[in-house]
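Biologist: Please give a close account of one buried loop position, and then follow the chain outward from it into the surrounding elements. I would like the cut-off of each term stated where it is used.

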Amino acid sequence: MSPARRCRGLRAAVAASVGLSEGPGGSARRGRLLRPPSPAPAAPGARLLRLPGSGAVRAASPERAGWTEALRAAVAELRAGAVVAVPTDTLYGLACSASCSAALGAVYRLKGRSEAKPLAVCLGRVADVYRYCHVRVPEGLLKDLLPGPVTLVLERSEELNKDLNPFTPLVGIRIPDHAFIQDLVQVFGGPVALTSANLSSQASSLNVEKHHGRAPGWLSWLSDCLRLRS
């Protein structure tokens with residue numbers, strides 16, 4: 001845990017080409033660079049990183065270099081105590097190190113979220129659930145549900161940062177069925193706090209820039225709370 005480390009605010013956003021049928025992907029428009037707002041800590045040079053055309057790029061693919069670049073950049077920002085916007089198998093999310101208390105606070109400020117509302121924890125493998133939770137359900141059930149678009153509410157273990165949801169002994173666990181965020185958490189090597197990339201109590205972001213029904217693209221809501229530059 002690193003409660004004394006200064007959080008660097010939102011430093012990177014990862015845009016996927018696929019992920020949801022109309023969700024993390026589908027936009028061919030050129031992304032703009034993002035600069036964090038006040039009162040979040042200043043972080044000039046925050047950037048939008050676009051994943052290559054597949055949501056499951058493997059080592060033999062010529063697209064792997066772009067995938068690896070985005071992965072390394074996002075991991076570096078998490079390790080530095082920053083907040084990163086990432087695609088999942090459901091919505092775009094805001095992620096930070098669950099062990100960095102300052103980063104947790106930055107997520108709440110960016111969203112305007114009440115600190116009485118918990119953040120979920122994203123893990124990279126089903127085996128990690130046993131480290132961060134007291135599991136009292138069959139392993140087969142965990143493997144049936146995870147990875148997947150579900151949040152499992154379990155009793156937290158002492159391994160989790162005490163500043164993460166200090167008001168409850170429970171924690172919501174996610175392992176999204178999305179190759180990039182699974183790679184991200186596994187390479188990062190620790191639990192990642194995860195919440196939707198939207199202003200608190202407003203429509204969730206399903207797409208980078210386009211609007212789908214009432215749900216804004218997350219660049220749209222970021223433009224309300226972040227200063228944009230071309």
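Modeller: Asn-165 is buried, at a relative accessible area of 2%; buried means under 20%, exposed over 50% and partly exposed in between, with a 1.4 Å probe and protein chains only. The model is predicted, so that local features need pLDDT of at least 70 and side-chain atom pairs count only at pLDDT 80 or more, while totals for chains, interfaces and linings use all residues. Residues are numbered from 1 along each chain as its sequence is written, and side-chain values use heavy atoms, with hydrogens and water left out.

Asn-165 belongs to the loop that runs between β8 and β9; helices (H or I, at least four residues) and strands (E, at least two) are DSSP runs numbered from the N terminus. Its phi is near 50°, a positive value in a residue that is not glycine. Most residues other than glycine have a negative phi, and most peptide bonds are trans. A second positive phi, of about 75°, is found at Ser-201, again not a glycine. Ser-201 sits in the loop between β10 (192-196) and α6 (218-225), and at 70% relative accessibility it counts as exposed, whereas Asn-165 is buried.

The elements that flank the loop of Asn-165 also take part in the nonpolar interior. The largest nonpolar core comprises 32 residues, and Val-129, Leu-164 and Ile-173 have the most contacts inside it; such a core is a set of buried Ala, Val, Leu, Ile, Met, Phe, Trp, Tyr and Cys residues joined through side-chain atoms within 4.5 Å. At least two residues of this core come from each of β4, β5, α2 (101-111), α3 (126-132), β8 (152-156) and β9 (170-174). The most is given by α2, with seven residues.

Of these contributors, strand β4 (residues 82-87) has six of its six residues buried. In a regular strand the side chains alternate between the two faces of the sheet. In β4, Ala-82, Val-84 and Val-86 are buried on one side, and Val-83, Ala-85 and Pro-87 are buried on the other. The partner is strand β5 (residues 92-97), which pairs with β4 in the antiparallel sense over four bridges; two strands pair if DSSP finds at least two bridges between them. Within this pairing Ala-85 stands opposite Leu-94 of β5, and four residues separate β4 from β5 in a hairpin.

Back in the loop between β8 and β9, a polar contact is made as well. Glu-159 forms a salt bridge with Arg-131, with the closest N and O atoms 3.4 Å apart; a salt bridge is a side-chain nitrogen of Lys or Arg within 4 Å of a carboxyl oxygen of Asp or Glu. Because Glu-159 is in that loop and Arg-131 is in helix α3, the pair ties together parts 28 residues apart in sequence. Glu-159 is partly exposed at 45% relative accessibility, and Arg-131 is partly exposed at 49%.

The structure holds four salt bridges, and another of them begins in β8. Glu-155 meets Arg-136 at 2.6 Å, N to O. Glu-155 lies in strand β8 and Arg-136 in the loop between β7 (133-134) and α4, so this pair ties together parts 19 residues apart in sequence. Glu-155 is partly exposed at 32%, whereas Arg-136 is exposed at 64%.

The path then leads to helix α4. There the side chains of Glu-139 and Lys-143 form a salt bridge of 3.1 Å, N to O. Because they are four residues apart in α4, about one helical turn separates them. Leu-141 is also placed in helix α4 (residues 139-145), and it is partly exposed, at 39%. Together with Val-137 and Leu-145 it makes a nonpolar surface patch of about 200 Å². Such patches consist of residues with over 30% relative accessible area and no salt bridge, with nonpolar side chains (Val, Leu, Ile, Met, Phe, Trp, Tyr) joined within 5 Å and like charges within 9 Å; the areas come from the Shrake-Rupley method with a 1.4 Å probe, and for residues only the protein chains shown count as cover.

Pro-147 lies in the loop between α4 and β8. The peptide bond leading into it from Leu-146 is cis, with omega near -5°.
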